[in-house]
Amino acid sequence: MQNDIRIFFTKTGMAKYISHLDLMRCMSRAFKRAQIPLWFTEGFNPHLFMTFARPLSLGQESLCEVVDVRLVGEMTLKEIKTRMNNALPQDITVVSVQKPEHKPAEIAAADYEIRLFCAAPEVLCAHLESAFAATQITVRKKAKQGRKKIEKEIDIKPNVLSFDVAAKETHVLLNIRLTAGDQNNINPTLLINALTADFPSEIDNTQILKTKILLENGEQFC
């Protein structure tokens, strides 16, 4: 008997420097160490069936990463969570294990908490507010044209669904919701680079934390 299960996990701290390929290896080894009975693909080169929804970009943190696997034996969801947390490295933590309710293709948006550290947070805050008020936010993005890779200018302002920006003592705090669908997934780094391209002062550090993944109606993906 096979049962699909969905695992939500955090990827924070030093784990943000783990690439997606290394994360796949990490999760595969953790499942093996945890002795969780999972389904493997059939054929000449069987491998563990795992599906990640909207994988995180390198250097970003998340409270809501998702991997779907297929259980082939008897084990409670609580036991899976406990075993995985005992097997996973520091800064990767399973927060819940459940039966999938939505398909990954239903994901439409993601919420981010972004901190921009600089010497003049109030000045940067005003700069960002002005940039968001513009009619367009133009970026250069790589695309395929036949067999060639080209760069083209696109307006990503329609991909900014909501935002709130505030100046703190050492940084600017930006809470933003961006589209995250199959065809219009926007990397927050691309947006930040566009918003700050002509900012006269240096930004010392940027911290990006994904806090939620959402359906088109605004409900949380689960």
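1. Contact here means heavy atoms within 4.5 Å. With that cut-off in hand, take Ile176. Leaving aside its neighbours within four places in sequence, Ile176 is in contact with Ala110, Asp111, Tyr112, Ile114, Phe132, Val160, Ser162, Phe163 and Leu191. Please read this and everything below as describing a predicted model.

2. The overall layout. The chain has four helices and ten strands. Their order from the N terminus is β-α-β-β-α-β-β-α-β-β-β-β-α-β. Along its principal axes, the C-alpha trace spans about 60 × 45 × 30 Å. The chain has 222 residues, and 41% of them count as buried. Take the contacts between residues at least 6 apart in sequence: 72% of these join residues at least 24 apart.

3. The largest nonpolar core. This core holds 34 residues. Ile176 is among those with the most contacts inside it, together with Ile114, Leu191 and Ile213. Seven elements are worth marking on the structure. Two or more residues each come from β3 (61-71), β5 (107-118), α3 (121-133), β8 (160-167), β9 (171-179), α4 (188-196) and β10 (203-215). The most comes from β5, which gives six residues.

4. The other core. Apart from the largest core lies another, of 26 residues. Its members include Ala15, Phe31, Leu38 and Ile92.

5. Helix α4. Which residues of α4 are buried? They are Pro188, Leu191, Ile192, Leu195 and Thr196. Seen down the axis of α4, these buried residues fall within an arc of 115 degrees, so they line one face of the helix. Their cover includes β5, α3, β8, β9 and β10. The N-terminal end of α4 is capped by Asn187. A side-chain oxygen of Asn187 lies 2.9 Å from the backbone nitrogen of Thr189.

6. Helix α1. This helix has 15 residues. From first C-alpha to last, α1 reaches 21 Å, close to the 21 Å expected at 1.5 Å a residue. Leu23, Cys26, Met27, Ala30, Phe31 and Ala34 are its buried residues. Seen down the axis of α1, they fall within an arc of 135 degrees, so they line one face of the helix. An α-helix has 3.6 residues a turn, so residues three or four places apart point the same way. On the other side of α1, Arg29, Lys32 and Arg33 are exposed. The cover over the buried residues of α1 includes β1, β2, β3, α2 and β4. Phe31 also belongs to the 26-residue core.

7. Helix α2. Here the buried residues include Ile80, Met84 and Ala87, in a helix that runs over residues 77-87. Seen down the axis of α2, its buried residues fall within an arc of 65 degrees, so they line one face of the helix. Lys78 and Asn86 are exposed on the other side of α2. The buried residues of α2 pack against β1 (3-11), α1 (20-34), β3 and β4 (92-98). The packing with α1 appears from both sides: α2 is part of what covers the buried residues of α1.

8. Cysteines. How many disulfides does the structure hold? Zero. A disulfide here needs two cysteine sulfur atoms within 2.5 Å. The sulfur of Cys26 is 18 Å from the closest cysteine sulfur, in Cys64, which is too far for a bond. Cys64 is in no disulfide either; its nearest cysteine sulfur is that of Cys222, 13 Å away. Are these two residues, Cys26 and Cys64, buried or exposed? Cys26 is buried, with a relative accessible area of 13%. Cys64 counts as buried too, at 6% relative accessibility.

9. Positive phi at Gln35. The residue that follows α1 is Gln35, and its phi is positive, near 55 degrees. Gln35 sits in the loop between α1 and β2 (51-52). At 61% relative accessibility, Gln35 counts as exposed.

10. Positive phi at Asp91. The phi of Asp91 is near 80 degrees, a positive value in a residue other than glycine. Where is Asp91 found? Asp91 is in the loop between α2 and β4. With 22% relative accessibility, Asp91 counts as partly exposed. The cut-off matters for this label, because buried means under 20% relative accessible area and exposed means over 50%.

Conventions: Residues numbered from 1 in each chain as written. Predicted model: local features only at pLDDT ≥ 70, side-chain atom pairs only at ≥ 80, totals over all residues. Heavy atoms only, no water. Core = buried A, V, L, I, M, F, W, Y, C linked by side-chain atoms within 4.5 Å. Buried < 20%, exposed > 50% of the residue type's maximum accessible area, 1.4 Å probe, protein only. Arc of directions from axis to C-beta. Polar contact = N/O pair within 3.5 Å; in protein donor to acceptor, adjacent residues only side chain to side chain. Expected span 1.5 Å × (residues − 1).
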